[in-house]
Amino acid sequence: MRGAARTVAAVLCALALSLFLPATARADSAGGGDLHVAQTLGDRELTFVLRRVTGLPGPLHVDVLTHRGTPAGALRLGAVPAGVAADRAAGATVGTVTSKASVRLGDEPGTYGTVLDIDRAGPWELVVEDGSRTARIPFVVPGQVTSPPERTVFAGFVAAGVLMLVTLFVAVRARRGSWVLLPASGVVAALATAVTAALLSASLPPPPEPGRDVDATQDNVTDPYAVVRPVSAEHSRPPASLETAAYTARPGERGTLRLDVNDGSTGLPADDLVVHDGALMHLVVIGPAGRLWHLHPVRTAPGTYEVQLRLPASGHYAVSAEFARRGGGLQHVRSATGLTVTGRPAPQEGSGKAPDQDAAGADTAPASELAARGTGTRTTDGVPVRLTASTLTAGSAATLTARVGDTATLQPWLGMVGHMIVVGPLSEDDATGTARLGQAAEQAPVWAHAHSMGGDMSGDTSGDMSAHTGGDTGTGHGHGSGAAHGEEDHAGHGTADPPDTEPGGHGEGPGSMSGLMPLNGDSPADETVAAYGPDVSFVYTFSRPGHYRVWIQAMRDSTVLTIPYVLHVSSGGSGGGEE
């Protein structure tokens, strides 16, 4: 009897201590999975992967994924606590680098990693320096906390256990049996409280998630239940404006483009962008000859982003940016002015000749080669790409399938296996011309995107894949003209390389449907997994008839291939597609 009572007492003491002692903090760099952030750092297009932190204090593993052609060199990394804190000791280290490391990138594409130390939950910044510029990547390390309903459940069971021991003691020692009813009633009340709290906990809304719904501080990350709850569950922010600073570089000369993101209601810097489709900001630049850049500016200060460009020719360039604010508010903003590059081409560094390569190392071939008309087979960077399309009619869903190579070796990029960008409708002269496509794209009523996702990764192209050619094979979003347009990932981390046009027809229909599915629960496959394709299919509805510029992108052999097309969409009974 005494041994059993001691055992029960020990268990109850342990439960009681769990109520009052702080819980062991477990953290995650992305609130449930690894955080992937693409960054255009100088001439390098890199993807930083912040692996989940499994305990605090503990290590933060940072992997840097490089593409083919990425210059070798060293990067210096640092972990900096951010946000505000009520604790003076914790707030004293805000803005100070608490852990440093370096990583040396090699000549070959691959993964290069290092480790930083994280000592607390809360908002952080990963500081990346390459010797000439500094990027600051915000991320949140949440702590594991116990909710008030859980504490009530534990407290109820602990109280019930203690009162049960009291009941047994009274039953043995007391001379009057009625005295037992007092602690026994307490047992019933404690159990009722615990069970009620357990049942009601599922219906109680969770608090706003710091870093996703509300701005993260060290206090609300450590205990989000201690913060006063807002009256409204709507956390979206007002639209933001995009301001581009003057770009003065000559053709072929490296220049820095600065972008300021300001809150539309206050005019203050909007420093609450969150990672969306693998980047804080997606910047798209379309040149006068149809070349397309998809870059990821680095955050250098609150609300300020910078990217280095080397635009190869004089003329007008259309500029747009896509980003998502904390709490919602995904938006795509086109620059009202774009970029106009003038002057004589700058000589290539170290040679005295005009440049024949852009900032990402892509060949600046004659612009006429960029006017790829219709579907068919083309070769880009030595890889055959065959585009097939169903009848292209305005207002009707169309399926476009690009077979990139002949093997299932495509790699996901920005979380997707395939990307398609659509701009139009354009006049035939603008769509096929080589002089003013940037100006025409800036005024085009439709900018749209589609992603290829949701398929398998078996690579089997012999089976009947008709079940995969429905609306779940891709997502497309069209937008009309105006100041802000929704748009997601655009093609090409570098530029749209000119394809060598070859004769060819529509080819066969889609075989194996390429897509991206999470392979390990919380975290999907990253760029190192070459197991998708070769078919990349999209479903998109062209809202208006006319000529469209279309860029399709996929990653293969650690190289982002960007294939431009000119497609014609008919208005009714006659089909469109090839020119």
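**Exercise 1. Take the span 153–172: how much of it is helix, and how far apart are its ends?**

Step 1: residues 153–172 are 100% helix and 0% strand, with the end C-alpha atoms 29 Å apart. Helices (H or I, at least four residues) and strands (E, at least two) are DSSP runs, numbered from the N terminus.

Step 2: try 179–200 as well. That stretch is 91% helix and 0% strand, and its end C-alpha atoms lie 33 Å apart.

Step 3: check the record. An unreviewed UniProt entry annotates residues 153–172 and 179–200 as "transmembrane region". UniProt positions are given in the numbering used here, feature names are shortened, and such annotations may be inferred rather than shown by experiment.

A word on the model before going on. It's a predicted one, where local features need pLDDT of at least 70 and side-chain atom pairs count only at pLDDT 80 or more, while totals for chains, interfaces and linings use all residues. Residues are numbered from 1 along each chain as its sequence is written, and side-chain values use heavy atoms, with hydrogens and water left out.

**Exercise 2. Describe the largest pocket: what is its volume, and which residues are closest to its centre?**

Step 1: the volume of the largest pocket is about 1200 Å³. On a 1 Å grid over the protein atoms alone, a pocket is an open set of points where a 1.4 Å probe fits, with protein on both sides within 12 Å along at least five of seven lines; lining residues have an atom within 4 Å of a point. Grid points are joined across faces, edges and corners, and the volume is the space filled by probe spheres set on the points.

Step 2: look to the centre. Val140, Pro210, Gly211, Arg212 and Ala216 are the closest to it among the 50 lining residues.

Step 3: find the elements. Strands E7 (122–129), E8 (134–141), E11 (273–274) and E14 (298–301) each give two or more residues to the lining, and E8 gives the most, with four.

Step 4: sort by chemistry. The lining has 28 nonpolar, eight polar and 14 charged residues. Here Ala, Val, Leu, Ile, Met, Phe, Trp, Tyr, Cys and Pro count as nonpolar, Asp, Glu, Lys and Arg as charged, and the others, Gly among them, as polar.

**Exercise 3. Work through the salt bridges: how many are there, and where do the partners of Arg68, Arg136 and Arg237 sit?**

Step 1: get the count, which is 22. A salt bridge is a side-chain nitrogen of Lys or Arg within 4 Å of a carboxyl oxygen of Asp or Glu.

Step 2: start with Arg68, which pairs with Glu108 at 3.9 Å, N to O. Arg68 is in the loop between strands E3 (58–65) and E4 (73–81), and Glu108 is in the loop between strands E5 (99–105) and E6 (111–118), so the bridge ties together parts 40 residues apart in sequence. Arg68 is partly exposed at 40% relative accessible area, whereas Glu108 is exposed at 53%. The cut-offs: buried is under 20% relative accessible area, exposed over 50%, partly exposed in between (1.4 Å probe, protein chains only).

Step 3: move to Arg136 and Glu125, whose salt bridge is 3.3 Å, N to O. Arg136 is in strand E8 and Glu125 in strand E7, 11 residues apart. Arg136 is partly exposed at 30%; Glu125 is buried at 13%.

Step 4: finish with Arg237 and Asp272, where the closest N and O atoms are 2.7 Å apart. Arg237 lies in the loop between helix H5 (218–222) and strand E9 (240–244), and Asp272 in the loop between strand E10 (255–263) and E11, 35 residues apart. Arg237 is partly exposed at 22%, but Asp272 is buried at 4%. Both belong to a salt-bridge network that also includes Asp215, Asp263, Arg325 and Arg326.

**Exercise 4. Inspect the backbone: which residues does each cis peptide bond join, and what is phi at Asp557 and Ser558?**

Step 1: recall the background. Most residues other than glycine have a negative phi, and most peptide bonds are trans.

Step 2: list the cis bonds. One joins Leu56 and Pro57, with omega about -10°; another joins Gly424 and Pro425, also with omega about -10°. Pro57 is in the loop between strand E2 (44–50) and E3, while Pro425 is in strand E23 (residues 418–426).

Step 3: read phi. Asp557 has a positive phi near 55°, and Ser558 has one of about 60°. Asp557 sits in the loop between strands E30 (546–556) and E31 (559–569), and Ser558 lies in the loop between E30 and E31. Asp557 is partly exposed at 47%; Ser558 is buried at 15%.
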